[in-house]
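Good morning, and thank you for joining this short presentation. Please take a moment to look at the sequence and the model before we go through them together.

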Amino acid sequence: MGRTSLIYQSENRIYQNPAQEIPLVLPQYTPAEVIERTRSYIDQEKSKIRSFIDGHFFYLDSNNHAHAAFMLHQAIELSLRTAEKLLLNDERKSHSLRGTIAHLKTFDAKLAKLIDSEEEKKHLKRLMRPMLVIVTIKIIRSTKVY
């Protein structure tokens with residue numbers, strides 16, 4: 001699925017490990033099938049992302065900022081994970097938006113510009129700080145000590 005599936009063509013393989021114990025079996029999809037499977041995957045992920053964004057606005061309208069922040073984080077995380085899967089045909093299990101963006105910077109110039117300058121990083125930190133304080137306070141208040 002995605003870019004890597006279109007790049008690799010088994011008939012163009014020039015090297016195979018002669019000592020390989022388990023034979024490499026790759027799916028045999030035509031480019032049209034790969035494109036259709038990729039479109040289907042993107043549509044599924046967009047639906048999930050849209051649900052998180054809808055949840056974000058629902059909680060924001062309800063003045064539940066902790067849940068709104070969580071839903072927004074999930075929408076961004078899923079967007080980045082989808083990009084990772086399409087670009088690399090793999091996804092790292094990480095909840096760090098910064099870490100995922102840093103990882104993707106190597107593979108896509110447009111994604112590298114998401115948090116490009118020091119000024120943008122400062123603005124992002126300034127925006128996130130109050131939200132993190134609110135979430136932390138809500139967590140502390142909801143934690144019951146027995």
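Let us begin with one residue, Met71, which lies in helix 3. Helices here are DSSP runs of H or I of at least four residues, and strands are runs of E of at least two, numbered from the N terminus. This is a predicted model, in which local features need pLDDT of at least 70 and side-chain atom pairs count only at pLDDT 80 or more, while totals for chains, interfaces and linings use all residues. Residues are numbered from 1 along each chain as its sequence is written, and side-chain values use heavy atoms, with hydrogens and water left out.

Is Met71 buried or exposed? Its relative accessibility is 15%, so Met71 counts as buried. Buried means under 20% relative accessible area, exposed means over 50%, and partly exposed lies in between, with a 1.4 Å probe and protein chains only. Leaving aside residues up to four places away in sequence, Met71 touches Phe52, Gly55, His56 and Tyr59; contact means heavy atoms within 4.5 Å. Met71 and Gly55 are 16 residues apart in sequence, yet their C-alpha atoms are 6.1 Å apart in space.

His56, one of those partners, lies in helix 2. With 11% relative accessibility, His56 also counts as buried. With residues up to four places away in sequence again left out, His56 touches Ala68, Met71 and Leu72.

I turn now to the chain as a whole. It has six helices and zero strands, and along the sequence it reads α-α-α-α-α-α. Of its 146 residues, 21% are buried. Among contacts between residues at least 6 apart in sequence, 45% join residues at least 24 apart. The accessible surface comes to about 11,300 Å², and 59% of that belongs to carbon and sulfur atoms; these areas come from the Shrake-Rupley method with a 1.4 Å probe, and for residues only the protein chains shown count as cover.

Let us return to helix 3, residues 65-88. How far apart are its end C-alpha atoms? They are 34 Å apart, which agrees with the 34 Å that 24 residues should span at 1.5 Å a residue. The expected span is 1.5 Å times one less than the number of residues.

Which residues make up the largest nonpolar core? There are five: Leu80, Ala83, Leu87, Ile101 and Leu104. A nonpolar core is a set of buried Ala, Val, Leu, Ile, Met, Phe, Trp, Tyr and Cys residues joined through side-chain atoms within 4.5 Å. Helix 3 and helix 4 each supply at least two residues of this core, and helix 3 gives the most, with three.

In helix 4, residues 97-105, the buried residues are Thr100, Ile101 and Leu104. They lie on the same side of helix 4 because they cover an arc of only 100° around the axis. The arc is that of the directions from the helix axis to the C-beta atoms.

The next topic is charge pairing. A search of the whole structure finds three salt bridges, each defined as a side-chain nitrogen of Lys or Arg within 4 Å of a carboxyl oxygen of Asp or Glu.

In helix 3, Arg81 pairs with Glu77, with the closest N and O atoms 3.0 Å apart. These two residues are four apart, about one turn of the helix. Arg81 is buried, at 19% relative accessible area, and Glu77 is buried as well, at 6%.

Glu45 forms a salt bridge with Lys48, again with a closest N and O distance of 3.0 Å. They are three residues apart in helix 2, residues 31-61, so about one helical turn separates them. Glu45 is buried at 6% relative accessibility, whereas Lys48 is partly exposed at 43%.

Asp54 and Arg50 form a salt bridge whose closest N and O atoms are 3.0 Å apart. Being four residues apart in helix 2, they too are separated by about one helical turn. Asp54 is partly exposed at 42%, and Arg50 is partly exposed at 45%. An α-helix has 3.6 residues a turn, so residues three or four places apart point the same way.

I close with the backbone. Most residues other than glycine have a negative phi. Asn63, although not a glycine, has a positive phi of about 60°. Asn63 is found in the loop between helix 2 and helix 3, and Asn63 is exposed, with a relative accessible area of 55%. Asn89, just after helix 3, takes a positive phi of about 60°.
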